[in-house]
Amino acid sequence: MSRIAVIGAGAWGTALALSLARQGRHDVTLWAHSPDHAAEMEHARENARYLPCFALQSELSITNDLLSLPGRAEVLLSVTPSVNLPETIAALAPLLSERHVYVSASKGIEDGTHRRMSEVVAAVSPVRFAVLGGPSFAKEVAAALPTTATLACADAEVARALQADFSSESLRVYTNDDVTGVELGGALKNVIALAAGVVAGLELGSNAAAALITRGMAEITRLAVACGAKPETLAGLAGYGDLVLTCTGSLSRNRTVGVELGRGRKLDEIIASLNGKVAEGVRCTGAARGLAARHGVEMPITEEMYAILYESRSPHEAIRSLMTRPGRGE
């Protein structure tokens with residue numbers, strides 16, 4: 001039996017906690033940032049705020065005590081929004097030891113510094129690190145629908161142990177050693193999903209959607225490889241798999257934000273309508289743009305998405321700009 005603490009009680013964190021507890025062979029704790037939220041879940045045995053209609057197993061422990069987690073578990077599965085990771089890991093770092101593994105399921109890049117989540121953690125703790133990625137909507141994982149994921153870790157033995165912990169009849173987990181590729185695939189696809197939503201909101205058709213996804217993958221791969229990732233990682237679940245799901249699935253918050261932008265709604269209004277849920281691509285667009293500039297990588301879709309979000313460019317103008325760029329070979 002493994003002892004696993006899930007840090008973050010949003011939809012994705014709750015779904016992973018449900019999946020782990022469902023196996024009946026782990027001691028699972030779910031941590032919520034808000035004391036009121038933790039109390040609500042404990043009382044109702046349901047996460048009505050972020051993942052309603054899924055009962056929390058009686059064996060699943062719920063807590064608001066972050067600093068108790070290193071004593072309760074060896075595997076710390078971080079599912080907080082990426083913007084909250086620095087504060088979270090700084091609080092936990094003095095309590096972490098060689099027996100702990102920190103697994104990130106947060107898909108983002110730190111704004112300003114452009115650091116990946118592994119770099120944020122490494123800056124304050126030498127704890128063993130892994131990253132979980134791939135095409136996985138929270139509701140479908142919670143419902144035990146067939147899902148695949150990729151778990152990357154530099155230590156092959158740790159990766160195999162985590163693969164055994166997370167795998168079940170409904171969740172098939174693959175391993176690799178490309179932490180950079182899995183992190184950047186998961187973060188950058190959110191930017192392209194915003195753009196795919198804009199295409200849908202403008203009702204530009206299936207041809208445009210397919211082109212956007214394909215050229216978006218080219219951008220993601222260029223930047224990821226420049227940062228040290230393996231191209232084959234981006235051709236797998238953590239790359240194309242996650243990108244296709246997030247760009248086409250109706251449960252994608254990033255795509256939904258893009259759709260509403262394409263329909264003419266203002267960003268602030270759209271974000272408010274999410275009721276506290278996070279669309280990571282909004283913040284990640286600026287970080288991706290900065291990371292691309294640092295490495296001298298051309299990312300035209302990301303540039304246009306940034307202009308829509310932060311420079312008042314109309315979606316129509318952004319599409320026109322992409323379609324009239326100078327001709328080139330593929």
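In this tour, Ala, Val, Leu, Ile, Met, Phe, Trp, Tyr, Cys and Pro count as nonpolar, Asp, Glu, Lys and Arg as charged, and the others, Gly among them, as polar. Keep in mind as you look around that this is a predicted model.

**Stop 1: the largest cavity**

Let's begin with empty space. Rolling a probe the size of a water molecule over the atoms shows where empty space is left. Two cavities of 30 Å³ or more turn up in the structure, and the largest has a volume of about 80 Å³.

To find it, select Ala195, Val198, Val199, Leu212, Ile301, Glu304, Met305, Ile308, Ala318, Ile319 and Leu322, which form its lining. Helices H8, H15 and H16 (315-323) are the elements that each give two or more residues to this lining. H15 provides the largest share, with four residues. Now color your selection by class: 10 of the lining residues are nonpolar, none is polar and one is charged.

**Stop 2: helix H15**

Stay with H15 and show the whole helix. How many of its 11 residues are buried? Eight are, so by the cut-off of under 20% relative accessible area H15 is mostly covered. Pick out the buried ones: Pro300, Ile301, Thr302, Glu304, Met305, Ala307, Ile308 and Leu309. While they are highlighted, recall a feature of helices in general. An α-helix has 3.6 residues a turn, so residues three or four places apart point the same way.

What covers the buried residues of H15? Turn on the surroundings and you will meet H8, H9, H12, H13, H14 and H16 among the elements that do so. Before leaving, click on Ser312, which follows H15 and has a positive phi, near 60 degrees.

**Stop 3: the largest nonpolar core**

Next, select Ile109, Leu223, Val257, Leu261 and Met305. In the largest nonpolar core, which has 43 residues, these five touch the most other members. Several helices give two or more residues to this core: H8 (179-201), H9 (206-226), H11 (237-248), H12 (253-262), H13 (267-273), H14 (280-295) and H15 (300-310). The top contributor is H8, with 11 residues.

Zoom in on Ile109 and display what surrounds it. Leaving aside residues up to four places away in sequence, Ile109 touches Ser82, His114, Arg115, Met117, Leu184, Ala187, Leu188, Cys284, Ala287 and Leu291. Apart from this core there is another, of 40 residues, and you can locate it by selecting some of its members, including Leu60, Leu132, Val158 and Val173.

**Stop 4: the second largest cavity**

Leu132 is a handy link to the next stop, as it also helps line the second largest cavity. This cavity holds about 40 Å³ of space. Add Ser106, Lys107, Val131, Gly133, Val182, Glu183 and Gly186 to Leu132, and you have the lining. Strand S8 (128-133) and H8 are the elements that give two or more residues to it. Coloring by class here shows three nonpolar, three polar and two charged residues.

**Stop 5: salt bridges**

Side chains of opposite charge can pair when their charged atoms come close. Across the whole structure, a search finds 18 salt bridges. Let's visit a few.

Start with Arg3 and Glu74, whose side chains meet at 2.5 Å, N to O. This pair links distant parts of the chain, 71 residues apart: Arg3 sits in strand S1 (residues 2-7), and Glu74 in the loop between helix H3 (69-72) and strand S6 (75-78). Both partners are partly exposed, Arg3 with a relative accessible area of 28% and Glu74 at 24%.

Now select Glu110 and Arg115, which form a salt bridge of 2.7 Å, N to O. Is Glu110 buried or exposed? At 15% relative accessibility, Glu110 counts as buried, whereas Arg115 is partly exposed, with 25%. You have met Arg115 already, among the residues that Ile109 touches.

For the next pair, choose Glu298 and Arg325, joined by a salt bridge of 2.8 Å, N to O. Glu298 lies in the loop between H14 and H15, and Arg325 in the segment after H16, so the pair links distant parts of the chain, 27 residues apart. Glu298 is partly exposed, with a relative accessible area of 39%, and Arg325 counts as partly exposed at 30%.

Finish by selecting Glu260, Arg263, Arg265 and Glu269, which salt bridges with shared partners join into one network.

Terms used: Residues numbered from 1 in each chain as written. Predicted model: local features only at pLDDT ≥ 70, side-chain atom pairs only at ≥ 80, totals over all residues. Heavy atoms only, no water. Core = buried A, V, L, I, M, F, W, Y, C linked by side-chain atoms within 4.5 Å. Buried < 20%, exposed > 50% of the residue type's maximum accessible area, 1.4 Å probe, protein only. Contact = heavy atoms within 4.5 Å. 1 Å grid on protein atoms, 1.4 Å probe; cavity = no way out; pocket = protein on both sides within 12 Å on 5 of 7 lines; lining within 4 Å. Points joined across faces, edges and corners; volume = space filled by probe spheres on them. Salt bridge = Lys/Arg side-chain N within 4 Å of Asp/Glu carboxyl O.
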